[in-house]
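Student: Please show me the fold and its ion pairs. I would like to go through them by question and answer.

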Amino acid sequence: MKFTLGIALSPLDQLPELAKTAEECGFSSIALPDSLFYMQSAAADYPYTPDGARFWGPDTPWVDPLIATATMAAVTSRLRFYTNVLKLGSRNPLLLARQVGSVANLSGNRFGFGVGIGWAPEEFEWCGVPFARRGARVDEMIEVIKLTLAGGMVEFHGEFFDFDPLQISPAPTEPVPFYIGGHTNVALRRAARVGDGWTSAMMTYDQLCTTIGKLDALRAEFGRAEEPFEIQAVCIDRFGRSGYQDLVDAGITDAIVIPWMADGIGFDGDLAAKQDSMRRFAAEHIAQPVLAR
């Protein structure tokens with residue numbers, strides 16, 4: 001199993017050093033969250049906490065994940081990066097295709113595109129996009145981005161997006177993997193149908209096992225059961241050697257972890273303390289690979 005470092009809500013000036021330390025310690029990737037802005041009053045509940053409350057505030061630091069990837073890729077050579085997840089619904093697919101292609105090229109194909117729809121009506125409406133029919137719109141967006149990233153002259157004529165032949169150059173020299181986020185049945189069907197993997201928000205082990213079972217059945221339904229497929233998971237109740245072995249046995253390929261949280265260090269904690277936590281975690285779990293029983 002691979003380990004990905006979660007850097008959500010860390011001060012922005014820590015990111016380059018965290019990336020260098022992650023590479024030094026043998027982490028596979030860094031997971032980058034996405035948030036456009038903090039609305040004072042939210043029209044919808046946040047879907048990944050028990051009470052629907054956001055666990056960050058108006059002054060909590062966020063960074064555009066594509067810009068962060070370019071910054072951290074510039075100071076590393078092997079570490080990979082993926083969005084966990086970028087909210088497609090409020091954005092334009094052609095602009096995103098240009099950005100994603102640029103990041104893939106500048107990082108030497110070390111970027112994976114984790115995508116979701118977005119949960120907040122304000123992020124859609126205040127960016128000039130209707131909240132209604134967001135799922136169907138995102139399905140077309142994924143088609144558009146994949147099509148343009150493949151290179152060459154392409155055109156698209158859909159319900160939401162329509163353009164005559166165009167080309168975005170340079171195309172990435174390797175396909176950009178798409179990881180689909182979301183816990184609903186619709187999201188899981190999307191992941192099984194068009195994704196190179198599925199990426200979770202915070203879930204219990206039992207919830208993850210149930211979801212992976214659904215994904216396996218859906219991938220078989222779409223004739224994709226034999227294709228490689230990544231499961232990137234944030235598990236909130238399995239830790240330590242035996243816990244990570246449980247995750248491997250469940251079919252998880254990539255555990256997203258924040259080592260300093262287990263040491264009582266907050267998101268805004270001291271950089272050196274975070275680095276020490278990363279090194280201790282790596283010595284215990286990465287230096288000795290976690291294998292299925």
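The turns below go from overall form to strands, then to the surface and salt bridges.

Tutor: This is a predicted model, where local features need pLDDT of at least 70, side-chain atom pairs count only at pLDDT 80 or more, and totals for chains, interfaces and linings use all residues. Residues are numbered from 1 along each chain as its sequence is written, and side-chain values use heavy atoms, with hydrogens and water left out.

Student: What radius of gyration does the protein have?
Tutor: The radius is taken over C-alpha atoms, and the globule rule is 2.2 Å times the number of residues to the power 0.38. For 293 residues, a compact globule would come near 19 Å, and the protein agrees, with 19 Å.

Student: How many helices and strands does the protein have?
Tutor: Helices (H or I, at least four residues) and strands (E, at least two) are DSSP runs, numbered from the N terminus. The protein comes to ten helices and eleven strands.

Student: Are the residues of strand β11 buried or exposed?
Tutor: Buried means under 20% relative accessible area, exposed over 50%, and partly exposed in between (1.4 Å probe, protein chains only). In a regular strand the side chains alternate between the two faces of the sheet. In β11 (residues 254-257), D254 and I256 point one way and A255 and V257 the other. Either way, all of them are buried.

Student: Which residue of β11 is the bridge partner of K2?
Tutor: Two strands pair if DSSP finds at least two bridges between them. Strand β1 (residues 2-6) and β11 pair in the parallel sense, with four bridges. In β11, the partner of K2 is D254.

Student: Which residue stands opposite A255?
Tutor: Strand β10 (residues 230-235) also runs parallel to β11, joined by two bridges. Opposite A255 stands A233.

Student: Which hand does the unit of β10, α8 and β11 have?
Tutor: A crossover is right-handed if, with the strands pointing away from the viewer, the path from the first strand over the helix to the second runs clockwise. With helix α8 (residues 240-250), β10 and β11 make a β-α-β unit that is right-handed.

Student: Which residue of strand β10 forms a salt bridge with K2?
Tutor: A salt bridge is a side-chain nitrogen of Lys or Arg within 4 Å of a carboxyl oxygen of Asp or Glu. The closest N and O atoms of the K2 pair are 3.3 Å apart, and the partner is E230. E230 lies in β10 and K2 in β1, so the pair ties together parts 228 residues apart in sequence. K2 counts as partly exposed, at 34% relative accessibility; its partner is E230.

Student: How many residues apart in sequence are the parts that R91 and D34 tie together?
Tutor: R91 and D34 form a salt bridge, with the closest N and O atoms 2.9 Å apart. R91 lies in the loop between β4 (86-87) and α3 (93-106), and D34 in the loop between β2 (29-32) and α2 (65-73). R91 is buried at 16% relative accessible area, and D34 is buried at 6%. The parts they tie together are apart in sequence by 57 residues.

Student: Which residues form one network with R279?
Tutor: R279 and D276 meet in a salt bridge (3.7 Å, N to O). Being three residues apart in helix α10 (residues 271-286), they are separated by about one helical turn. Salt bridges that share partners join R279 into one network with D276 and E24.
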